[in-house]
Amino acid sequence: MEIDGQVYVGVVKEKEKAKKQYATAVKAGQTAALVKASGRKMETFSVSVNIAALANITFTLTYEELLERKFGQYEILTRVKPKQRIQEFKIVTNIYEPQGISHVDVQSTFLSNEMLPLVEKTVTDKKAYISFSPTLEQQRSCPDCEGTLINGDFTVKYDVKREKGLGDIQINNGYFVHYFAPPDLRRVPMNVVFVIDRSGSMSGKKMAQTREAMLAILQDLQEEDHFAIIPFDHEITPWRPTIQQATNQTVTEAMDFIRNLEDNGGTNINDAVLKGVEMLHTARRNEMLPQRSADMIILLTDGMPNSGESRTAVIQQNVQKAVSGNMSLYCLGFGNDVEYTFLDVMSRENKGFARRIFEDSDASLQLQGFYTEVSSPLLLEVDLRYPVNDVDSLTTNHFNHLFSGAEAVVAGRLMDNGMDNFPVEVFGLGYENYQVQGQASALDWGVMYPDEEYIFGDFTERLWAYLTIQQLLDKSKTGSAEEKTNSSAKALEMSLQYNFVTPLTSMVVTKPESEDPPLVADKLTEEQRQMAEKGVTRASYQPPSRPTHLVDGDPHFLIELPDRKDALCFNINNKPGTILTLVKDQGILVNGQLIGDKAIPPGGQINTYFSRFGIVHKTLGVKLEVGTQDISVFQDGTLVDLQWSGTASLKGPNLDLHVTKDRGLTVTLKDSVKFVILLHKVWKKHPYHRDYLGFYTLDSHLLSPNVHGLLGQFYHSIEFEVSNMRPGESPEKPDATMFVKGHQLNVTRGWQRDFRNNIKNGEKIPCWFIHNNATGLIDGEASDYIVSGLFKTF
């Protein structure tokens, strides 16, 4: 950051030390800021800082990324969402490639025909320049609009010229990097088993998208390929007992089978994957498959194993033992409820990798894109070899598969810094054996690009360090406890040495202690990203895209209004034992019962909290009773009791439940609303307080316009105006006048706590507090919402 000519530079620290510095600022009562990375196709960094009036501030973020070649090209993606027209707006891309540039393509989700001529593109043999700089007027979304057209992705795609054979080797400052992409080789036949989760949680859109993707994938199979389909829920039901050759007839019959695939039951991942392994082993033993072909299993699931063997560590051991290094396992985790770490480790242990399939409208295309990526193996068991006496500290130089359009990258350190050439060999098993030898020679980057020394100065060493750290982080997830510890320690050491923000480190932008608090930049793992999207961790409070309604504490009601970037809150005071209706809709009912403190503290008053919730969905045949001790689930005449003392999942065609030990319960009703109930545990010997529950509503937009109840009446909209801000009884809590539902109310600016991300302390959310049991805000009086039983309606 450069503020009024003063520069503040970020430094990378061990994550816990950085967090301690941040926590110190919070403890001091400062408005501390976190910077976190998130996002689907790219990392998104959010920065929050206080700026004095009339101050000039410049943020500069330098970000290094190893571009990964896919589908025969590299992609540079910039997500641009300024949300307003910008006085000076410019995107400039400079590409330098010593091999030469074969093609450059510019795409954008917001480029209209009128704006296309604004993209300037110049391509020479080894350089490319792209510029996009619309004026304020050209940014307008319409002639009379103040809004901006600039909203979406700006993407540059390109590839380099490739000589057949050895690939490209770059040497600089005692380090080398070797880029090897398989040349135009005949594709290796593929034997693939599709293991498809069709449990109850896959119902609706997920199952429809899976069917759509599988129909396209099956059509892409080639006649030299072999395939099998194993749908599974709590039972394993292969399409055919043996692997089939991909003839026109078998593919047509398989597509008919997929069209009729329906969801049902639990999730038995263990037996499903082991069945796939067995089918491939049997086909190999019976010589049904081409000798030189690639064996792989593609597992698609959206949830936790909860049928058959449900212990993830045992499943991993079973699969690794069965596979025995003879095939690759690719795991696709669909949505946010999947146990991604489990899939990630299981894939790595079996020559594959895991990918998340984001639960968006393009999920079917994501599935097809993954398959396209792995469906054309050109080489198997590829080794990139270098002279042992000349090179050390190699990154991974053995690759189980190299696919068409992809690239292997190896980096290492030269024993002799002055060495400018050394022999290199590449071996691989393709349709035919592949072997090539050559000589690596150093290029003088200073002569080639005299003005770009800042880019090419030490890039080979940093690239070597980056690859080494990534591979150490991968090793930290597998192997023995000692190997994991050693890999993490080495990764941390190198992250600090090279100033990389990794899952083990954070970047802290510090200013003098008397000024603003520090900024902390984190890099999330895929698991942390997933949790962040589920709302389990957030860097700082960000309003959700739709309102979230909750009641927690004594009992404090909070209505979030993201469109207004505001919130309303109120308390309902009543005696212990009272049952209140929170939500009432067509066939849906949620009631809550109050409990009081054990005793009144000296000079205080008794507080009441919710201790039990009754949830009914008549159409789905579901009834739940949630207390502070246990959870009872009635569905289709069956009773299941769950305990808070353990983590558990319950999946069915109409209902998904997930209990996090001593913390929370997530209830997802089919094609309807989602509820989260938090358990607040209190020290058993506490003289006054006792355990209680908090209730949170998500996806409330799925309920009907007629929904009602103390919370339900606010699910769709609430119109109000606030004016005449004035000092209140407390200096930090001003009063104001609110006009709502024809009433004029005195309200107070305060805050309530959202405990979803921090069950102990909660997050403070600013809101307008309505006094007197919300009289004037709620329909009728609070007493109108009292009912006689936990499953009774008012």
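## Thr250 and the α5–α6 pair

The backbone oxygen of Gln245 sits 2.6 Å from a polar side-chain atom of Thr250. The model is predicted. A further polar contact links the side chain of Thr250 to the backbone nitrogen of Thr247, at 2.9 Å. The table sets out both.

| Thr250 group | Partner atom | Distance |
|---|---|---|
| Polar atom of the Thr250 side chain | Backbone oxygen of Gln245 | 2.6 Å |
| Side chain of Thr250 | Backbone nitrogen of Thr247 | 2.9 Å |

Thr250 belongs to helix α3, which spans residues 248–259. Is Thr250 buried or exposed? Its relative accessible area is 10%, so Thr250 counts as buried, the cut-off being under 20%. Leaving aside residues up to four places away in sequence, Thr250 touches Phe227, Trp239, Gln244 and Gln245. Gln245 is thus named twice: as a residue touched by Thr250, and as the owner of the backbone oxygen at 2.6 Å.

Now the helix pair. Helix α5 covers residues 312–323 and helix α6 covers residues 340–348. Their axes come within 10 Å and cross at roughly 20°. The cut-off for roughly parallel is under 35 degrees, so α5 is roughly parallel to α6. The crossing is right-handed.

Which residues make the contact? From α5 come Thr312, Ile315, Gln316 and Val319. From α6 come Thr341, Phe342, Val345 and Met346. Sorted by class, the contact of α5 with α6 holds five nonpolar residues, three polar ones and no charged ones.

Key. Residues are numbered from 1 along each chain as its sequence is written. This is a predicted model: local features need pLDDT of at least 70, side-chain atom pairs count only at pLDDT 80 or more; totals for chains, interfaces and linings use all residues. Side-chain values use heavy atoms; hydrogens and water are left out. Helices (H or I, at least four residues) and strands (E, at least two) are DSSP runs, numbered from the N terminus. Buried means under 20% relative accessible area, exposed over 50%, partly exposed in between (1.4 Å probe, protein chains only). A polar contact is a pair of N or O atoms within 3.5 Å; within protein, one must be able to donate a hydrogen and the other to accept it, and residues adjacent in sequence count only if both atoms are side-chain atoms. Contact means heavy atoms within 4.5 Å. Axes are lines fitted to C-alpha atoms, for helices over the stretch in contact, and angles run from 0 to 180 degrees between N-to-C directions. Angles under 35 degrees count as roughly parallel, over 145 as roughly antiparallel, 65 to 115 as roughly perpendicular and the rest as oblique. A crossing is left-handed if the near helix is turned anticlockwise from the far one by less than a right angle, and right-handed if clockwise. Ala, Val, Leu, Ile, Met, Phe, Trp, Tyr, Cys and Pro count as nonpolar, Asp, Glu, Lys and Arg as charged, and the others, Gly among them, as polar.
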